[in-house]
Amino acid sequence: MAAQPILKKAGTALAAPVAWLAALIDPPLRGLQKATGLNGMAAFFLAPNMAIFGIFVLFPLVINFAYSMTGGSALFLEQRTYVGTEQYERLLTCGNYLDKQSCTEDLFWNAAGNTAVFVLFQVALMTVFAMITALILNRELRGRGFWRAVFFFPVLLSPVVVGLIWRWILQRQGLLNYLLHQVGMEPVLWLTDRFWAFAAAIMVSVWAHMGFYALILLAGLQAIPKDLYEAAEMDGTRPARVFWRITLPLLMPNLIVVVVLALIRAVQIFDEVYVLTGGGPGTSTMFLTQYIYEIGFAQLIRNPGLAAAASILMGAVLVVLTLLQLAASRRSQNAGGGK
Amino acid sequence: MTRVAAFLLRRRGGKGWHWTDVFTWMWLIGGVVLMFGPAVWLAGSSFKSPAALAEFPPSILPYVTAEATVEGYEKPLPLYRVAGEDGETRILAQVRRIGIVAQMVDPKAPGEIVKVNIADRTPVREISFATENYTEPFLHFDFFLYLRNSLFVTLMATLITLVTNSMAAFALSKYQFRGRSFVMLLILATLMVPLSVILVPLYSIISAMGLFNSLWGVILPTVATPTGVFLLRQYMLTIPDELIDAARMDRASEWQIYWRIVLPLTAPALAVLAIFSVVWRWNDFLWPLIVLSRKELYTLQVGLNTYAGELNVQWHYILAMTVVTMLPVVLVFVFLQRFITTGIAGSGLK
Amino acid sequence: MGRITLDGIAKAYGSVDVLGDIDLKIDDGELVVFVGPSGCGKSTLLRLIAGLDKPTAGEIRIDGAVVNRVPAADRGLAMVFQSYALYPHMSVRGNMAFGLENSHMPRKEIEARIAEAARMLEIGPYLDRRPGQLSGGQRQRVAIGRAIVRNPTAFLLDEPLSNLDAELRVTMRAELAALHARLKTTMIYVTHDQVEAMTLADRIVVLRAGRIEQVDTPLNLFNKPANLFVAGFIGAPNMNFFPGTVDAALPDGLSVSFLDGQSAPVKADPGVAAAASGALTLGIRPQHLHLAQEGEPQFPVTVTLVEALGAETVVHGVTGGGARVLAVLPGQPEIAKGDAVALSYKRDLLHAFDGDGIRLAGN
């Protein structure tokens, strides 16, 4: 591969000063080892990572609950007043649960509803597309590496870039409307029409992430032993039947991983849609993470308590999804235990 | 060309085309257009002048109207091809336009003004790459700063990620100590806690530490990636313990074992993690958006979003800067794509 | 110097006892082999000596000094691992230099030692190659070379030949023996292969289930196995065991009857002989059985399998009483499956073990 010599050169250039540094700290660490033994060294190796974990993940997680029980706009916890479950009540109270206008925090219900619809369609579409792509990439193709890379390309792009690329194409005088014009169709207000903006949000995020899931499914497909297919061919099994009776059941563990991972990430959707539509028109493409961002950070009078409460509700959904995934992967592991 | 097609389309065993083959190739070629097309279109557009960008229908290549300096006129004048009554076409420069009549001059004979109906003239177009779309944001706006900030964040975060994650992975794969499974569980649990769930408290912690409006405030919360620890640990488990024993017999300290034995042997996994970390950190958006409020600290992503969010969007700059923002990732894609795709297939990492 | 003393060593992982009551003295320059079936604790014992694991009880002394709390690096020992454990990312030279660099030896001295070891092991041409580019036998030499350059007080070798093919193993075995003769450094060698043990060892330590069964020279182990386990473990094919009874005590041993009416005297100390009574187990090595001549004590055997190896023939059979018998007969006797043959034994090469499997008597 072309990159390896470059990496190697960069590596050796970097190595000298780094090696010098590593040699420099060896004597004190030998002292530490003498004093604390192997267990002490284990603690030493764990310390930096765990300190960062503790400070920036675990501790925030714990005080998030405290935040969600306080009110006011002050940032630091000690300046905030305890309000009990008021924030949750505010988020969850509705006169009529079928009408989001009747809710105290209608913006939240709007965002939650949007997210639910988005998750449903985005995950369904993406799974189907990823499945088709994986099945096609699993065929005997010339240049399979290239084709695999094709679908993976958008995955690497930043959400901001994805958002801007599509904003440029979907704008009123953009490429897509030009193509519609060429085939004699009326231009569509892709980003300023409530329906089309929502559809665009779904399509763009499917475009951006599909390749990743296709790759996971492809790995699953390639792990299915070839002799199963040969045996089926010997039995004269029809291709459709082979898919339903062999491919799909054996791919199930990967499929579950794909669906749940996609669910988890769809629930948190923010960046690319925010850049694409800014949540608009109106609030028609505002999702939960944007709601948290707006309430907690973007609006003039911030409400950290409310944002924290909303994020905990979202976190609860994510935890349930993750546990589902763990349970599913354990089950599929047990099922495959006979191998 | 036909030979290439024949080579690509040749069927195994020379059998005829099944509908699934047709579908496969449609999907693949459609995939190329859909996956690369938008980015290519954007990159092409980024070389167009503002006037060319405003055109509808859009052209594929960056055309501009040709101009010429004509004696007696300060500014360069746009050139038009004009069909005369005698059927002969002449190239004239337009001085001004009044209603449907354009006043034009012949660049060779600048004294005489010719009046032409605007329907009778077509602009002389030439291909020109508007490279100022790229240079001006760096020279006159803050994009150079943004680029520097993005580079700093990406490189620092990746470096710290590699060091801390590999150290933790080493401890978790090569030492038996009490509470090891608890630590593993803890790290596993943090997989369930994405950034968007702890935005508020994290923001207050960063502020309390004085890291608000600091690039370190962007870097630190992202470096202890649980995926990185898992990936590296998984890889280190495959390094035989006898090697560690041998090094201990060879009087190596534990630090030397980590540094001189385990780390070099983990290089492939470190490379995968490094590539991922670079892409992750380069692409980060929400967290820098929250932590950075001073313009000169923006990363490219945040800066780009800010410019794109202005009322009067200057697309020619935005497009060019989007290309710049995209560039490192495209390079990663071109050179290291195989690394990544096999890395994902192997570990389900993202 | 390289005297190693183990005193009451025990090792437990959690509630699982892996080793217990290990007492052993290894003299300077001795080559001691730990042998036993897999899982007997021989490798664990080696790791305890090396300092890679800590014993739960007992003392380890090297040249008189207790080293229980001394880390592996500072015990002055060198180890050759089963998988060789060569650092794959370092050249052969780098592998050998690594340990010396860690003790801050001057560059010149390192070079000199590597050159000397390379000459001795004939690995000079490979010094700049990586382990991955070497054959199994070459890697083995490098692993030994890495130990030699350290100039250790003792070598610890953990099944060093088990990853080699049969032919190479024989060559390397001979080379190791020559190396030991030359270096005269203490070596502790772990193996499950009794041929290696028999050919290499000054003394063999037979281990089973974490306990030492017997420590002795190879021939003493073969000739005077201390118990049924050692008798069965040492020698190939395995010793034949027949149930028997003590008929009477003789002045210098016992009179034993076995196999439906066979009777033979076996030597034993008078005290032991006087105390013995009732059931015992009689052992005869397959090599000590032969086709019976007229007038010899003999027993009939039905042949169930004949393995002709050319120089000798292994005959499997069953006695009238249903006991399985294995005999190694010299040459190529004309025996086929199903034949009835009469076997006889050398009366002075019998082994007798009491009800607990402890050696009672033997010649």
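## How the three chains meet

In this predicted model, 80 residues of chain B are in contact with 84 residues of chain A. Helix H15 of chain B, residues 315-347, supplies the largest share of the side that touches chain A, namely 15 residues. Sort that side of chain B by class and you get 57 nonpolar, 19 polar and 4 charged residues. Of the 2 pairs of chains that touch, A and B are the pair with the most contacts.

Now for the other pair. Here 14 residues of chain B are in contact with 17 residues of chain C. Two helices of chain B, H10 (241-249) and H11 (254-265), each put at least two residues into the side that touches chain C. H10 of chain B gives the most to that side, with 6 residues. The class split on this side of chain B runs to 8 nonpolar, 1 polar and 5 charged residues.

Here are the two faces of chain B next to each other.

| Side of chain B | Nonpolar | Polar | Charged |
|---|---|---|---|
| touching chain A | 57 residues | 19 residues | 4 residues |
| touching chain C | 8 residues | 1 residue | 5 residues |

What about chains A and C: how far apart are their nearest C-alpha atoms? They sit 9 Å apart, and the two chains do not touch.

Chain C itself deserves a look. Its secondary structure comes to 9 helices and 21 strands, and its C-alpha atoms fill a box of roughly 75 × 45 × 35 Å along the principal axes. Of the 363 residues in chain C, 40% are buried. Take the contacts in chain C between residues at least 6 apart in sequence, and 64% of them join residues at least 24 apart.

Which domains does the assignment give for chain C? It gives domain 1, spanning 4-233, and domain 2, spanning 240-362. Measuring from centre to centre over C-alpha atoms, 38 Å separate domain 1 of chain C from domain 2 of chain C. The contact between them takes 7 residues from domain 1 of chain C and 8 residues from domain 2 of chain C. On the domain 1 side of that contact, the classes are 5 nonpolar, 1 polar and 1 charged.

To pull it together: chain B touches chain A through 80 of its residues and chain C through 14 of its residues, while chain A and chain C do not touch.

Definitions and conventions
Residues numbered from 1 in each chain as written. Chains lettered and ligands numbered in written order. Predicted model: local features only at pLDDT ≥ 70, side-chain atom pairs only at ≥ 80, totals over all residues. Helix = DSSP H or I, 4+ residues; strand = E, 2+ residues; numbered from the N terminus. Nonpolar A, V, L, I, M, F, W, Y, C, P; charged D, E, K, R; others polar. Buried ≥ 20, exposed ≤ 12 C-beta atoms within 10 Å, placed from the backbone. Domains from an automatic or database assignment.
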